[in-house]
Amino acid sequence: MSYTAIVDYGVGNLKSITNAMGYLGLDTRITSDEAELERAGSIILPGVGAFPDAAERLRGSGLDRVLKQQAERKPILGICLGMQLLFDRGEEGKICEGLRLVSGCVERIPTTCKLPHIGWNSLRFPNPSPLFAGLDEGAYVYFVHSYCGVTADPADVSALTDYGVPVTAAVGRGNVYGCQFHPEKSGEAGLQILKNFGGLNR
């Protein structure tokens, strides 16, 4: 099985993802090199911080173009802010263009609950996804966020959670997958999700 490339663009928590994948026996390489991304069997786009800063880093490095090209031929998983960057645009601070791999926008969670949303919440699965094979409805995963993706097509939503309002927890469209939560910090459920993604390697 070929390796999974973890995209290094200066805003991701790379060590915890690498450790989780290594625990599962999955080969990873942290990289921003176009050739290594091309050779990879799959790609993980992590992210911590604000949407505009991260989007600018992707554009400034040319990685936005590379990721769009790679998404046509291999699985890509966005995690947390990385998932948000998959959308058409984000509204955090200012309207900013994303990768346009999932139709919709990223908005502040319209909840009366305290933000940021930090902690463990359960999942429900409105649409099937290979990411969640072997997981039951109600599986708990770990979130840290104030903004969430709102898809243009409900069929792109593969998991939801509730935080005063329904919140998109995961998306899937073609080769493109996203988890708003952190699978690498979500215990056995998170490891199963990363194992499932690793199994999609090409």
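Me: Helices (H or I, at least four residues) and strands (E, at least two) are DSSP runs, numbered from the N terminus. Between which strands does Pro-116 lie?

Reply: This is a predicted model, in which local features need pLDDT of at least 70 and side-chain atom pairs count only at pLDDT 80 or more, while totals for chains, interfaces and linings use all residues. Residues are numbered from 1 along each chain as its sequence is written, and side-chain values use heavy atoms, with hydrogens and water left out. Pro-116 is in a loop, and the strands on its two sides are S7 (102-108) and S8 (117-122).

Me: Which residue is joined to Pro-116 by a cis peptide bond?

Reply: The omega angle of this bond is about 0°. The bond is cis, and the partner of Pro-116 in it is Leu-115.

Me: Cys-80 has a positive phi although it is not a glycine; what is the value of that phi?

Reply: Cys-80 lies in the loop between strand S4 (76-79) and helix H5 (81-84). Its relative accessible area is 9%, so Cys-80 is buried (under 20% relative accessible area; exposed is over 50%, partly exposed in between; 1.4 Å probe, protein chains only). The phi of Cys-80 is about 55°.

Me: In the loop between S6 and S7, what is the phi of Arg-100?

Reply: Arg-100 lies in the loop that runs from strand S6 (96-97) to S7. Arg-100 is not a glycine, yet its phi is positive, at about 60°.

Me: What is the order of strands in the open sheet?

Reply: The sheet has seven strands with mixed pairing (two strands pair if DSSP finds at least two bridges between them). Its edge strands, each paired on one side only, are S2 (28-31) and S11 (157-162). Neighbouring strands are turned by 20° against each other on average, direction ignored (axes are lines fitted to C-alpha atoms, for helices over the stretch in contact, with angles from 0 to 180 degrees between N-to-C directions). The order is S2-S1-S3-S4-S13-S12-S11.

Me: Which residue of S4 is the bridge partner of Ile-44?

Reply: S1 and S2 pair in the parallel sense over four bridges, and S1 and S3 do so over three. S3 and S4 also run parallel, joined by three bridges. In S3, Ser-42 and Ile-44 point one way and Ile-43 and Leu-45 the other, and all are buried. The S4 partner of Ile-44 is Leu-77.

Me: Which helix gives the most residues to the largest nonpolar core?

Reply: This core (buried Ala, Val, Leu, Ile, Met, Phe, Trp, Tyr and Cys residues joined through side-chain atoms within 4.5 Å) has 31 residues, and those touching the most other members are Val-7, Tyr-9, Leu-45, Leu-58, Leu-67 and Leu-85. At least two residues each come from strand S1 (4-7), strand S3 (42-45), helix H3 (51-61), helix H4 (63-70), H5 and S7. The element that gives the most, with four residues, is H3.

Me: Which helix is among the elements covering the buried residues of H1?

Reply: In helix H1 (residues 14-23), the residues Leu-14, Ser-16, Ile-17, Ala-20 and Met-21 are buried. Their cover (contact means heavy atoms within 4.5 Å) includes the strands S1, S2, S3 and S4. The cover also includes helix H6 (187-198).

Me: Is Thr-28 buried or exposed?

Reply: Thr-28 lies in strand S2. Leaving aside neighbours within four places in sequence, Thr-28 is in contact with Tyr-3, Thr-4, Ile-6, Thr-18 and Met-21. Its relative accessibility is 16%, so Thr-28 counts as buried.

Me: How far from the centre of the Tyr-3 ring is the charged end of Arg-29?

Reply: A charge sits over a ring if NZ of Lys or CZ of Arg is within 6 Å of the ring centre and within 35 degrees of the ring normal. The charged end of Arg-29 sits over the ring of Tyr-3, and its distance from the ring centre is 3.9 Å.

Me: What kind of aromatic pair do Phe-125 and Phe-132 form?

Reply: The structure holds four aromatic pairs (rings of Phe, Tyr and Trp, the last by its six-membered ring, with centres within 6.5 Å; planes under 30 degrees apart count as stacked, over 60 as edge-to-face and the rest as tilted). Phe-132 has 6% relative accessibility and so counts as buried. The ring centres of Phe-125 and Phe-132 are 4.8 Å apart and the planes are at 25°, so the pair is stacked.
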